[in-house]
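Q: Could you take me through a close look at one loop in this model, and then relate that spot to the rest of the chain? I would like one connected account, with the confidence of the model kept in view.

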Amino acid sequence: MSDLSDRTLTEAPAPASTRHVDAGDEGYSKDLKSRHINMIAIGGAIGTGLFLGAGGRLADAGPSLAIAYAVCGVFAFFVVRALGELVLYRPSSGAFVSYAREFMGEKGAYTAGWLYFLNWSTTTVADITAAATYAHFWSLFTDVPQWVLAFIALAIVLTANLISVKYFGEMEFWFSLVKVAALVVFLVVGIWLVATSHDIGGSTPGLANITDNGGIFPSGVLPMLLVIQGVVFAYASVELCGVAAGETENPEKIMPKAINSIMWRVGLFYVGSVVLLAVLLPYTSYSSDQSPFVTVFDKLGVPGAAGIMNLVVLTAALSSLNSGLYSTGRILRSMSLSGSAPKFTGVMNKGKVPYGGVLFTAAFGLAGVGLNALMPKDAFELVLNFASLGILGTWAMVMICSLFFWRRAQDGLVERPAYRLPWAPYTQIITLVFLLTVLVLMWCDGGVGRTTVLFVPVIGAALVGGWYLVRGRVSALAATRH
């Protein structure tokens with residue numbers, strides 16, 4: 001089989017009627033509205049990585065964590081902006097897998113899809129682990145084993161996800177609304193605490209908490225560089241709005257606004273929150289065992305405030321889990337109908353949900369339940385590193401697809417939409433260099449990070465071996481389409 005896509009190439013921009021058609025885009029309902037997409041975009045930029053992961057990373061890197069969030073946020077925006085340009089060119093529930101199929105052939109689609117699955121199958125484990133960790137905050141659940149709580153979280157979100165995309169959209173809308181509202185409240189309360197110099201557990205908020213505790217880089221620049229691998233995980237869901245575009249009415253009107261808003265949200269919610277956390281308490285007050293937001297309210301001594309904030313961060317974990325099951329279900333269906341994923345992952349139910357792919361991802365979540373039973377203290381950090389590999393691979397594939405798209409536009413084979421990734425092709429190249437740098441930093445970090453990088457050849461070998469297993473079916477289905 002040729003590595004070229006089955007798209008008809010002409011010397012002039014191809015009209016809509018001859019554009020690549022992906023079988024994986026058929027059968028979906030267009031039930032996601034503007035408010036859903038906007039909140040999905042917000043929810044994708046505010047997740048478990050901020051609410052739980054920021055505590056441990058603040059303890060490691062100090063206030064310089066804000067710089068790491070800002071830098072990673074810029075590259076996350078480039079990725080989602082590149083994906084947005086492709087979405088405006090051709091909306092697809094298969095998202096970058098579908099674009100990889102068009103511009104890079106079936107091998108590209110196969111690689112992009114399974115790297116994305118690596119991302120979300122491991123993130124699913126991270127999310128149910130985070131949910132169980134949050135639940136232990138309340139005395140009612142203290143004695144309940146972590147693996148039991150992880151299983152309950154998975155069962156609840158899975159059930160809702162299987163009903164219909166409308167239920168997913170509504171659930172994600174309210175999950176995201178809760179997260180945004182909580183962060184707004186935290187920012188308002190935090191600014192008031194700083195302005196009034198209100199005591200927080202024996203500490204007075206202000207710049208002195210930074211200057212008197214080693215400054216912005218209390219342990220040097222290296223710790224800030226090393227936490228970037230975890231910070232990348234915090235932005236893991238930004239590409240979700242691109243997947244959701246395939247089930248959206250009028251994506252050409254909704255998507256640009258939703259994507260453009262990501263940048264200022266990153267600046268306000270991520271960078272702003274971390275700066276405020278560093279000003280409110282010395283960085284040594286935070287730990288990986290507790291959400292930094294819960295730490296502040298706990299030390300503040302406001303009755304019930306820490307419990308409410310903990311409920312919010314539990315919502316963030318469930319939101320991320322909800323998103324992961326949704327997106328992998330769509331990606332796996334696109335792959336299944338081309339032959340590069342198990343056939344049952346392409347099956348839809350009456351609610352037009354690709355339940356085979358959703359259940360396949362949930363099965364890996366069950367493996368995470370077992371991981372929580374065996375090593376409850378290390379489960380989150382362990383899967384976090386593997387999720388980061390999937391994220392790096394997914395983002396790289398998005399930018400490579402964008403490069404191929406730009407190249408074809410230069411050759412007059414396609415026409416770029418008015419909504420474009422700025423400064424192409426330099427933006428794609430710089431982003432790819434950044435992603436490679438993150439991989440190097442993971443190696444330099446030693447420990448679990450280095451072990452994770454050592455698995456890169458194993459993952460590569462698994463992808464190659466898997467391709468040889470499925471290529472016969474892929475070729476047969478491609479011949480049928482032709």
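A: Happy to! Let's begin with Lys352, which sits in the loop between helix H15 (305–336) and helix H16 (355–374). Keep in mind as we go that this is a predicted model. The backbone of Lys352 deserves a glance: its phi is near 60°, a positive value in a residue other than glycine. Its relative accessible area is 38%, which means Lys352 is partly exposed, as it falls between the 20% and 50% limits.

A second loop makes a good companion to this one. Trp423 lies in the loop between H17 and H18, and this residue also has a positive phi without being a glycine, here near 65°. With a relative accessible area of 61%, Trp423 counts as exposed. The loop between helix H17 (379–410) and H18 also holds Pro425, and the peptide bond joining Ala424 and Pro425 is cis, with omega at about 5°.

How far can we trust the chain around these spots? The mean pLDDT of the protein chain is 84, and 92% of its residues reach 70 or more. Among its elements, helix H18 (residues 426–444) has the highest mean pLDDT, 94, while helix H2 (residues 48–51) has the lowest, 72. Residues 1–17 call for more care: the pLDDT there is below 50, although the stretch has 39 contacts in the model beyond near neighbours in sequence.

Further along the chain come two helices that pack together, H19 (residues 447–454) and H20 (residues 456–481), with an angle of about 30° and axes 4 Å apart. An angle under 35° counts as roughly parallel, and H19 and H20 are therefore roughly parallel to each other. In this contact, Thr452, Val453 and Leu454 of H19 meet Val456, Pro457 and Val458 of H20. Sorted by class, the contact has 5 nonpolar residues, 1 polar and no charged ones.

A different arrangement appears for helix H4 (residues 65–89) and helix H5 (residues 95–104), whose axes are 11 Å apart at an angle of about 70°. That makes H4 roughly perpendicular to H5. Leu83, Leu86, Val87 and Tyr89 from H4 meet Phe96, Tyr99, Glu102 and Phe103 from H5. This contact has 7 nonpolar residues, no polar ones and 1 charged.

Helix H6 (residues 106–135) has 30 residues and spans 43 Å from its first C-alpha to its last, close to the 44 Å expected at 1.5 Å a residue. Of its 30 residues, 27 are buried, so H6 is largely enclosed by the rest of the structure.

For a view of a single buried side chain, try Leu58 in helix H3 (residues 53–61). Its relative accessible area is 0%, and Leu58 is therefore buried. Leaving aside residues up to four places away in sequence, Leu58 touches Pro63, Leu65, Val274, Leu277, Tyr283, Tyr286 and Pro292. Leu58 and Gly449 are 391 residues apart in sequence, and their C-alpha atoms are 18 Å apart in space.

Finally, set Trp174 beside that picture: this residue lies in helix H8 (residues 165–196) and is partly exposed, with a relative accessible area of 48%. From Pro63 it is 111 residues away along the chain, and the two C-alpha atoms are separated by 31 Å.

Note on methods: Residues are numbered from 1 along each chain as its sequence is written. This is a predicted model: local features need pLDDT of at least 70, side-chain atom pairs count only at pLDDT 80 or more; totals for chains, interfaces and linings use all residues. Side-chain values use heavy atoms; hydrogens and water are left out. Axes are lines fitted to C-alpha atoms, for helices over the stretch in contact, and angles run from 0 to 180 degrees between N-to-C directions. Angles under 35 degrees count as roughly parallel, over 145 as roughly antiparallel, 65 to 115 as roughly perpendicular and the rest as oblique. Contact means heavy atoms within 4.5 Å. Ala, Val, Leu, Ile, Met, Phe, Trp, Tyr, Cys and Pro count as nonpolar, Asp, Glu, Lys and Arg as charged, and the others, Gly among them, as polar. The expected span of a helix is 1.5 Å times one less than its number of residues. Buried means under 20% relative accessible area, exposed over 50%, partly exposed in between (1.4 Å probe, protein chains only). pLDDT is the predictor's confidence in each residue, from 0 to 100.
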